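Open your viewer and get ready to click along. We will go from stop to stop, selecting a few residues each time.

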Amino acid sequence: MELKEIAVIHTDFPEKFGIPRQSGLVGGLQGTIVFSPEYRNADAIRGLNDFSHLWLVWGFSKAKKDHWSATVRPPRLGGKVRMGIFATRSPFRPNPIGLSSVKLESVTMDEKLGPVITVSGIDMLDGTPIYDIKPYLPHIDSHPEATGGFALSVSSEQLEVIFPDHLLQKIPEADRKLLSELLSQDPRDRFIHDNSRIWGLTYGNYNIRFQVHDNVLTVSEVTGL
């Protein structure tokens, strides 16, 4: 079986650090899907606007390993407990395929690029290959009675974010609330417990440096790239 890259998604994440751990965690994060030349056919997306949400099947293009492991250490468990690879959403899988549920924001036609799809609630690196797009069907895909296993047994408490006003002013107004929400998800590597460490998150054209102490994230510097 050969998987064909039908499109790429463009996002504000040039590197994987800081990307939400799951789709939908930060609803305002948007991405733009641009089809490969072979698939720039308006007929292929006929009827898509009738749906509010989509499934994206994509590739962990930066998750490279020569072999797979039957168990991994989920960050949500502090990196101390091993779980079966198929009981997690680790990117290091036998087949490095991701699945995201996203909100459809718009479908436009570009003279050169053909159909362009804008979605929100993304959790993907800029340039991530898209292998398929499917409509989300709420009467089938939603299971309110579903259980969440160990993922729900761990606290998902968000961080308090202190973003000094003089630094916040360096960020475009439209992105300020969104960026604070992104930081509140705690982008740090859960394996590292060092309150003195200064972390750096690249988002769009900015690098945001911060520290975390007692569940409070304080932004210390904002620089342009």
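Here is a short tour of this predicted model, with something to select at each stop.

**Stop 1: the start of the chain**

Begin by selecting Met-1, which sits in the segment before strand 1 (7-10). Is Met-1 buried or exposed? Its relative accessibility is 98%, so Met-1 counts as exposed. Now add Leu-3 and Ile-97 to your selection: together with Met-1 they make a nonpolar surface patch of about 370 Å².

**Stop 2: pairs of rings**

Next, turn to the aromatic side chains. A pair of aromatic rings is described by how far apart the centres are and by the angle between the planes. In this model there are five aromatic pairs. One of them joins Phe-13 and Tyr-203: the ring centres are 5.5 Å apart and the planes meet at 65 degrees, so this pair is edge-to-face. Where do the two partners lie? Phe-13 is in the loop between strand 1 and strand 2 (30-35), while Tyr-203 is in strand 10 (residues 199-203), so the pair ties together parts that are 190 residues apart in sequence. Phe-13 counts as buried, because its relative accessibility is 0%. Tyr-203 is buried too, with a relative accessible area of 6%.

Now select Trp-68 and Phe-86, an aromatic pair that is tilted, with 6.3 Å from centre to centre and 35 degrees between the planes. Trp-68 belongs to the loop between strand 3 (53-59) and strand 4 (71-72), and Phe-86 to the loop between strand 5 (83-84) and strand 6 (97-110), so this pair ties together parts 18 residues apart in sequence. Trp-68 has 45% relative accessibility and counts as partly exposed, whereas Phe-86, at 64%, counts as exposed.

**Stop 3: an arginine over a ring**

Select Arg-197 and Trp-199. What lies over the face of Trp-199? Arg-197 does, at 4.1 Å from the ring centre.

**Stop 4: helix 3**

Finally, select helix 3, residues 173-184. Which of its residues are buried? Colour Arg-176, Leu-178, Leu-179, Leu-182, Leu-183 and Ser-184 to see them. An α-helix has 3.6 residues a turn, so residues three or four places apart point the same way. Then show what the buried residues of helix 3 pack against: strand 9 (160-162), helix 2 (165-168), strand 10, strand 11 (206-213) and strand 12 (216-224). Strand 10 is also the home of Tyr-203 from the second stop. Last of all, click on Asp-186, which follows helix 3 and has a positive phi, near 65 degrees.

Terms used. Residues numbered from 1 in each chain as written. Predicted model: local features only at pLDDT ≥ 70, side-chain atom pairs only at ≥ 80, totals over all residues. Heavy atoms only, no water. Patch = residues over 30% accessible without salt bridge, like charges linked within 9 Å, V, L, I, M, F, W, Y side chains within 5 Å. Areas by Shrake-Rupley, 256 points an atom, 1.4 Å probe, with all protein chains shown as cover. Salt bridge = Lys/Arg side-chain N within 4 Å of Asp/Glu carboxyl O. Helix = DSSP H or I, 4+ residues; strand = E, 2+ residues; numbered from the N terminus. Buried < 20%, exposed > 50% of the residue type's maximum accessible area, 1.4 Å probe, protein only. Phe/Tyr/Trp six-rings, centres within 6.5 Å; stacked < 30°, edge-to-face > 60°. Lys NZ or Arg CZ within 6 Å of the ring centre and 35° of its normal. Contact = heavy atoms within 4.5 Å.
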